[in-house]
Amino acid sequence: KHACALIAGPSGAGKSALLWLTANRQSSRWRWLRVKATATVAEGAAIVRFIRSRHPSPQSPIALAFDEVDGANAPLWNVLEKELSSLSSVYLLGSIRNEDLEVIAGRADLALFHFGLTEELAEDVWRKLHSNNQSGWDHWREPFEQSEGLMLEYVHLLTQGRRLAAVIADQVAIREKEGRSDELKLIRYCSEICSRGGEVEMKRLSSLISLPQERCAGALRRLLDEHIVRESRPGVVGGLHQLRSLALRDASHDDVIHLREDTLWTGVLATTSDSLPRVVHSKISEISDDELAAALVRLADILAQTSDVECWHG
């Protein structure tokens, strides 16, 4: 009935997994195309033209997968939903966090699925992991209740026996005890930016925080080897799940010496140009009207300090 559908839920609920599982199961029926979360509304017309050029038909339908719709890229979703609604045999499936639903313009015209971890699904996941000797829990109920409805947290509890935040806090604490300050610096900046959907250019970050490139490369290599951070492409750190990024961010900041605000406003200058709007929007959306003026002044000050104006365009 609906050509457009959104899977909504909290971060870590399993929305992305459900979206890609759906795409996989329908791969023989529809031609699937991925819309990157970093795409902008300026690319909407080109995407629509491309879809039209593929001549979708009942015999050869096309479906677009748009994972992680948020306040920054919602204008593109809204354009695609409007433009593609007039085309038959074209479908649009996206995932979105509950708090971002208000930025969707045509909610009345799409199918909205609120997704979360149910008892039935929790038991099924536990049985499969337990039968494969991948979980030491004798029952699914306790980890399910601890997970607070989040699939990522639930699977982590089943397989690791502890909450994700506790494991990450230990990883940070070990580095603090051993004085691994270079790694801790990278963790702070990367987790703050990645928790807001951004990506970090490591060469630029190295310069901003006065960390020599050779030391930066060594610290980054150790973090990559231990899967603390993820290199989304050469020289760029990103793609960390928000739940993991938030845990790293909270564990590495103490709100006494290492302040999140300082990390953020320095880190935005190392953020990739295509993910910068997401980071800025994330910050603006969480502050009150009284704080907005101060935040905009700080953004303006940062802009005045950089000659790389292109990264702020749009």
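**Notes on the predicted model**

1. Starting with the sheet in this predicted model: strands β2 and β3 (residues 62-69) run parallel and are joined by five bridges. One of the pairings puts Arg31 opposite Ile62 of β3. Zooming out, the open sheet has five strands, ordered β2-β3-β4-β1-β5, with parallel pairing. β2 (31-35) and β5 (111-114) sit at the edges, each pairing on one side only. On average, neighbouring strands are turned by 20 degrees against each other, direction ignored.

2. Next, what packs on the sheet. Helix α3 (residues 74-84) lies across β1 (4-9), β2, β3 and β4 (90-97). Against β3, α3 runs at about 160 degrees.

3. Have a look at Lys15, in helix α1 (residues 15-25). Lys15 is buried but makes no salt bridge. Asp67 is the nearest side chain of opposite charge, and it is 7.2 Å away. With a salt bridge requiring a nitrogen-to-oxygen approach within 4 Å, I'd check the surroundings of this lysine by eye. Leaving aside residues up to four places away in sequence, Lys15 touches Ile7, Ala8, Gly9, Pro10, Ser95, Ile96, Arg97 and Phe115.

4. On cysteines: the whole structure has zero disulfides. For Cys190, the nearest cysteine sulfur is that of Cys194, 5.8 Å away, and for Cys194 it is that of Cys190. A disulfide needs the two sulfurs within 2.5 Å, so this pair does not count as one. Both cysteines are buried, Cys190 at 1% relative accessibility and Cys194 at 4%.

5. There are 25 salt bridges in the whole structure. One of them joins Asp70 and Arg278 at 3.1 Å, N to O. Asp70 is in the loop between β3 and α3, while Arg278 belongs to helix α13 (residues 276-286), 208 residues apart. Asp70 counts as buried because its relative accessibility is 9%, and Arg278 is buried too, at 7%.

6. A second pair, Arg141 and Glu119, meets at 2.9 Å, N to O. Here helix α5 (residues 141-147) is linked to helix α4 (residues 119-131), with the two residues 22 apart. Arg141 is partly exposed at 28%, and so is Glu119 at 40%.

7. Within α13, Lys283 and Glu286 are three residues apart, about one turn of the helix, and their side chains form a salt bridge at 3.7 Å, N to O. Which end of this pair is buried? Lys283 is, at 7% relative accessibility, whereas Glu286 is partly exposed at 46%. Elsewhere, salt bridges with shared partners tie Arg175, Glu178, Arg180, Glu183, Arg222 and Glu226 into one network.

How values were computed
Residues numbered from 1 in each chain as written. Predicted model: local features only at pLDDT ≥ 70, side-chain atom pairs only at ≥ 80, totals over all residues. Heavy atoms only, no water. Pairing = 2+ DSSP bridges. Helix = DSSP H or I, 4+ residues; strand = E, 2+ residues; numbered from the N terminus. Axes fitted to C-alpha atoms, helices over the stretch in contact; angles between N-to-C directions. Contact = heavy atoms within 4.5 Å. Buried < 20%, exposed > 50% of the residue type's maximum accessible area, 1.4 Å probe, protein only. Lys, Arg positive; Asp, Glu negative; His and termini not counted.
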